[in-house]
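Here are some exercises to work through with the structure open beside you. Try each task on your own, then follow the solution step by step.

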Amino acid sequence: MTFDEIVSEYYKPLYRFAHSLAKNEDGAGDLTQQTFFIYAEKGDQLRDRAKVKSWLFTTLYREFLRLKRKSDRMENTEEDLLERAGPVIQPEMIRRTDANTAVEALQSVDEIYRTPLSLFYLNNHSYKEIAQILSVPIGTVMSRISRGKTQLKQNLIAASEEPA
């Protein structure tokens, strides 16, 4: 597969996964672009081309974690600067109410459960692929998805009980 073919095939699923992690369009776009940039630099090191999908998702997830750690450090040292930054317009604001509720419910799931849920339901990864991407055992993936589904259900029930 050429680089262009890989981008064509995997851009949308990577973007959806990035959006579930970053919770905004700009962050999702940046993560997706960075993933393909890293692939352009290091993709030739990939021995088994059949694993390009897992490699891309793993790289995106690791890049998200790297940026999150960097952001957490920055928050501690530059709080005043961040307080002056304007609010981010969430894409959910322009979607239908039902979609908005579902997205908010997913985003309020603990990150440790949200990531495998997103990989499984939004990106159609198998448990085995998710285990490889997150570098955890398959049993852990299954447990996190189960617990994530429970949290998601509770969040949706709570959202439906809120007054309109």
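An axis here is a line fitted to C-alpha atoms, for helices over the stretch in contact, and angles run from 0 to 180 degrees between N-to-C directions. This is a predicted model, where local features need pLDDT of at least 70 and side-chain atom pairs count only at pLDDT 80 or more, while totals for chains, interfaces and linings use all residues. Residues are numbered from 1 along each chain as its sequence is written, and side-chain values use heavy atoms, with hydrogens and water left out.

**Exercise 1. Take stock of the whole protein.**

Task: find out how many helices and strands the protein has, and what percentage of its residues are buried.

Step 1. Helices (H or I, at least four residues) and strands (E, at least two) are DSSP runs, numbered from the N terminus. The protein has eight helices and zero strands, so along the sequence the pattern reads α-α-α-α-α-α-α-α.

Step 2. Buried means under 20% relative accessible area, exposed over 50%, and partly exposed in between (1.4 Å probe, protein chains only). Of the 164 residues, 35% are buried.

Step 3. Contact means heavy atoms within 4.5 Å. Take the contacts between residues at least 6 apart in sequence: 62% of them join residues at least 24 apart.

**Exercise 2. Describe how α6 sits against α8.**

Task: work out how the axes of α6 and α8 cross and which residues meet.

Step 1. Two packed helices are described by the angle between their axes and the distance between the axes. For helix α6 (residues 111-122) and helix α8 (residues 138-161), the axes come within 8 Å and cross at roughly 100°.

Step 2. Now put a word to that angle: under 35 degrees counts as roughly parallel, over 145 as roughly antiparallel, 65 to 115 as roughly perpendicular and the rest as oblique. So α6 and α8 are roughly perpendicular to each other.

Step 3. From α6, the residues in the contact are I112, Y113, P116, L117, F120 and Y121, and they meet R144, I145, R147, G148, K149 and Q151 of α8.

Step 4. Sort them by class: Ala, Val, Leu, Ile, Met, Phe, Trp, Tyr, Cys and Pro count as nonpolar, Asp, Glu, Lys and Arg as charged, and the others, Gly among them, as polar. That gives seven nonpolar, two polar and three charged residues in the contact of α6 with α8.

**Exercise 3. Bring in α7.**

Task: describe how α7 crosses α6 and how α7 crosses α8.

Step 1. Start with α6 and helix α7 (residues 127-134), whose axes come within 10 Å and cross at roughly 135°. These two helices are therefore oblique to each other.

Step 2. Look at who meets whom: T115, P116, L119 and F120 of α6 meet Y127, I130, I133 and L134 of α7. By class, this contact of α6 with α7 holds seven nonpolar, one polar and no charged residues.

Step 3. Move on to α7 and α8, with axes that come within 8 Å and cross at roughly 105°. That makes α7 roughly perpendicular to α8.

Step 4. Here Y127, K128, I130 and A131 of α7 make the contact with I138, V141, M142 and I145 of α8. The residues of the contact of α7 with α8 divide into seven nonpolar, no polar and one charged.

**Exercise 4. Zoom in on P116, S118 and T32.**

Task: is P116 buried or exposed, and what do P116, S118 and T32 touch?

Step 1. P116 lies in helix α6 and counts as buried, because its relative accessibility is 0%. Beyond neighbours within four places in sequence, P116 is in contact with E111, I130, L134, R144 and I145.

Step 2. Check a distance: the C-alpha atoms of P116 and V141 are separated by 6.6 Å, although the two are 25 residues apart along the chain.

Step 3. S118 is in helix α6 too, and at 0% relative accessibility S118 is buried. Setting aside neighbours within four places in sequence, S118 contacts F17, S20, L106 and N123.

Step 4. T32 belongs to helix α2 and is buried at 0% relative accessibility. Not counting residues up to four places away in sequence, T32 touches Y11, L14, Y15, A18 and L60.

**Exercise 5. Look at two loop residues.**

Task: where is K23, and where is N124?

Step 1. K23 is in the loop between α1 (3-22) and α2 (25-42). K23 is not a glycine, yet has a positive phi of about 70°. At 29% relative accessibility, K23 counts as partly exposed.

Step 2. N124 is in the loop between α6 and α7. N124 has a positive phi of about 55° and is not a glycine either. With a relative accessible area of 59%, N124 is exposed.
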